[in-house]
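Student: I would appreciate a close examination of one part of this model, residue by residue where possible. Please then set that part beside other elements of the chain.

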Amino acid sequence: MDGSLLDYRILPYIGNGHLATVVYNDVIYMNGLYNGQNGTSHRACIPSTLNWQFKINSSSSLYTLNVSSGIFSEILENDKVRIERRLFASQEYTELLLAHVVLIRKAPIGTRIVVPIEVNENTTSDDIDFANATRTSQYVFLSGKTREIENSQFQAESLPVFVYYTPLPVHGLELNEDETNRTYLFVTSIDGNQSKAKQSFDYATNEQQPDAILASHISRWNDVWSNGHIDIEGDDELQRQINSAFYYILSSLPPLSTKSKPKQFYGLSPGTLSWGGHDGEAYSGHSFWDMETWMYPSILLFYPTLAKEMLSYRIALSDAAAYNARLFGYEGWRFPWESARTGIDVTPDCCPTGRLYELHITGDIAFAARQYIAATGNQDWLLNERGGELIYETARFWASRAIYNTDRKQYEILSVLPPDEDAEPFKNNSVYTNAVASLSIQLANYVSYFTNKTVPQKWLDIASNLYFPFDNSTQDYLEYDGFNLKNTTIKQADVVLLGFPLMWTMSDIVRRNDLLAYEPLTRTDGPAMTWSMYSIGFTELGNFDKADQLFRRSYQSYVRSPFNVWTETQQGVGTVNFITGVGGFLQAILFGYGGIRLELNQLEFNPRGHLPDQATKFTFHGIKYQGFIFDLTINSNMYEIFVLVQSNIDYIFLVYEYGEHHGSLKLNDRLSFPIGTRLIIRRSITLCP
């Protein structure tokens, strides 16, 4: 509570990648539904149909977010009746938001029980012009269109939205004199296609029993967790943090299995699908580099099909990316710093430096594609789903952006804003930007074996001969040309990202020096994911006390009880449901304490045997690599790889090596190693010879 009112900012949300709402809030959001022009584009607010309350004096109340089933439940009880309400966004049909209510009699049989409700019904929106409203005894129907289009060049008309929902009983919910219990199902169905919205509504109201709909939803969430999750022994609180972290990302992504027809996914915002409907709120629901750099890696390892959905968003908006490049006089695809419905840059006018100079996002997207190919070897994605085109056109952009410095006899990328946004308005030769540019071009050359898109020699010359500012006296990379290592404060992780996630080739000494130099320069109020990267780095160095300190710092000050809702800032709140920080936290678990490294031609395991806080054992269930599925178990002395699934697609097998030992992986293999053993797994035949 915030005074006498609910503090919606730290309440949890329910979602399924198509619809989402913060519980008890007055708005629902739909993926891809934006209103506003260019920099004013924001998620369009659909009036909520789930924010009604029971008007009873309860002797006890319980509120629970069950992340295993994606259900928020409310249980109210007095001497007459027990009320159980479950709110969920259906995994079975993504058009559905549902309230499953059970009344259970406590008073003796023979008396009629009425539970009054407070209805907060609203059929208007500042963002949507609802031109048609129909009310029957069975449903209320709203149809409308967004009031403004994002960009006339890439959006022909306003976006339609159709809403069907069950009208609430005016006199409340009832138990007749002879009833011991009764179940109600209040259905909301929302889509941009009227037929889909109506079909899903009819299914839930007429074709299926309420308990069956609930059971199907729970079953599908169980399938999600069985596909991938992390078990912790010895630390229940850390287990809860990990479970809720995965839930908050997964509930803004499409289901793994659904009966709904496929829909285009429109990206992950730092504030999830549950916020962003007002000016400046949760970055207006826009997508940034946060999706690919921070949220993507942990999803990829367990749910590669969802990782592909994330990349599909960028590919779907490639026409705008090509336009963005031409607008600034360059070639290829230049992705916007802030993206919403059309792919045009929707960075607000208050923040022009991001729109103009934060170009590394194009390299971040290419690096996500690199990780996807490394993890899956998906040739069909390269050839038939435009993955190869994404890789080639991002490389083309970097080749057109680099210029040759005749004095240095090296290529440079000038006038950019690095990840450290304190470097405004722009700098030259950001080492991070130059690294992702080089890796982007290298990737295009790597996959050219399949795509038949030959990479010009000049591009390769650029990739291998970009200038990286470096201090020879201290043996440190400099964040950009002219960076002062002695007295410059930085906002967030930047140079340390070279070591991870980019795994840029450097000596152990330089890696150590960068971590030791930049960690004390980082603002104490920096965002959560920054400390996760330092934790990973210090785990690599074997400085476990420092790694643990930074790991705890990466989440403990940012997570708000009781529902483990993440905030952007340590003091105050800022953006809520901040899944950018969630993504960094999960990476610290997987790639820091888990010791996992995904490289272009191999998967590496090298856990250090140190686990955080009170944990005694980690088990990563369902790691996916090249058609195989592994479990990885780690304790302080040993780690084990267990092969659960072996796929022989194209007759490709996996081989492993550690030290002088080599072998082939087979189904049900269990390989155990002392901590400190570096295990490498790769394809028996290289993807791109």
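Tutor: Two strands count as paired if DSSP finds at least two bridges between them, and the strands themselves are DSSP runs numbered from the N terminus. The model is predicted. With that criterion, let us take strand 2, residues 19-22. Its partner strand 3 comprises residues 27-30, and 2 bridges join the two in an antiparallel arrangement. Across this pairing, Ala20 faces Tyr29 of strand 3. The hairpin that strand 2 makes with strand 3 leaves 4 residues between the strands, and within the hairpin Tyr24 has a positive phi near 70°.

Strand 2 also pairs with strand 1, again antiparallel, through 3 bridges. Here Tyr13 has Val22 as its bridge partner in strand 2, while Ile14 stands opposite Thr21. Strand 1 and strand 2 likewise form a hairpin, with 3 residues between them, and Gly17 in the turn has a positive phi of about 85°.

The side chains of strand 2 may now be sorted by face. In a regular strand the side chains alternate between the two faces of the sheet. In strand 2, Leu19 and Thr21 lie on one side and Ala20 and Val22 on the other; both faces are covered, and the four residues are all buried. For buried, the cut-off is under 20% relative accessible area.

Strand 2 thus belongs to an open, antiparallel sheet of 4 strands in the order 1-2-3-6. Its edges are strand 1 (13-15) and strand 6 (46-47), each of which pairs on one side only.

Strand 19 offers a useful contrast in its faces. In strand 19, residues 229-233, Ile230 and Ile232 form a covered face, whereas His229, Asp231 and Glu233 form an uncovered one. Strand 19 is joined to strand 28 (residues 617-625) by 5 bridges, and the two run antiparallel. Ile230, from the covered face, stands opposite Phe620 in strand 28.

A second open sheet is built from 8 strands in the order 8-9-10-11-18-16-15-14, with antiparallel pairing. Strand 8 (60-66) and strand 14 (128-135) are its edges, each pairing on one side only. Ignoring direction, neighbouring strands of this sheet are turned by 10° against each other on average. Within it, strand 16 (residues 160-165) and strand 18 (residues 181-191) run antiparallel and share 4 bridges, and Phe162 is opposite Asp191 of strand 18.

Two helices pack on this sheet. Helix 1 (residues 194-207) touches strand 11 (96-105), strand 15 (140-146), strand 16 and strand 18, and its direction makes about 170° with that of strand 18. Helix 2 (residues 210-227) touches strand 9 (71-77), strand 10 (81-89), strand 11 and strand 18, and its direction makes about 50° with that of strand 10.

Packing between helices can be followed in helix 5 (residues 304-316) and helix 8 (residues 360-376), whose axes are 11 Å apart at an angle of about 150°. Helix 5 and helix 8 are therefore roughly antiparallel to each other. Their contact involves Pro304, Lys308, Leu311 and Arg314 of helix 5, with Ile361, Ile365, Ala368, Ala369, Tyr372 and Thr376 on helix 8. By type, these residues comprise 7 nonpolar, 1 polar and 2 charged. The crossing of helix 5 past helix 8 is left-handed.

How values were computed:
Residues numbered from 1 in each chain as written. Predicted model: local features only at pLDDT ≥ 70, side-chain atom pairs only at ≥ 80, totals over all residues. Heavy atoms only, no water. Buried < 20%, exposed > 50% of the residue type's maximum accessible area, 1.4 Å probe, protein only. Axes fitted to C-alpha atoms, helices over the stretch in contact; angles between N-to-C directions. Parallel < 35°, antiparallel > 145°, perpendicular 65-115°, else oblique. Left-handed = near helix turned anticlockwise from the far one by under 90°. Contact = heavy atoms within 4.5 Å. Nonpolar A, V, L, I, M, F, W, Y, C, P; charged D, E, K, R; others polar.
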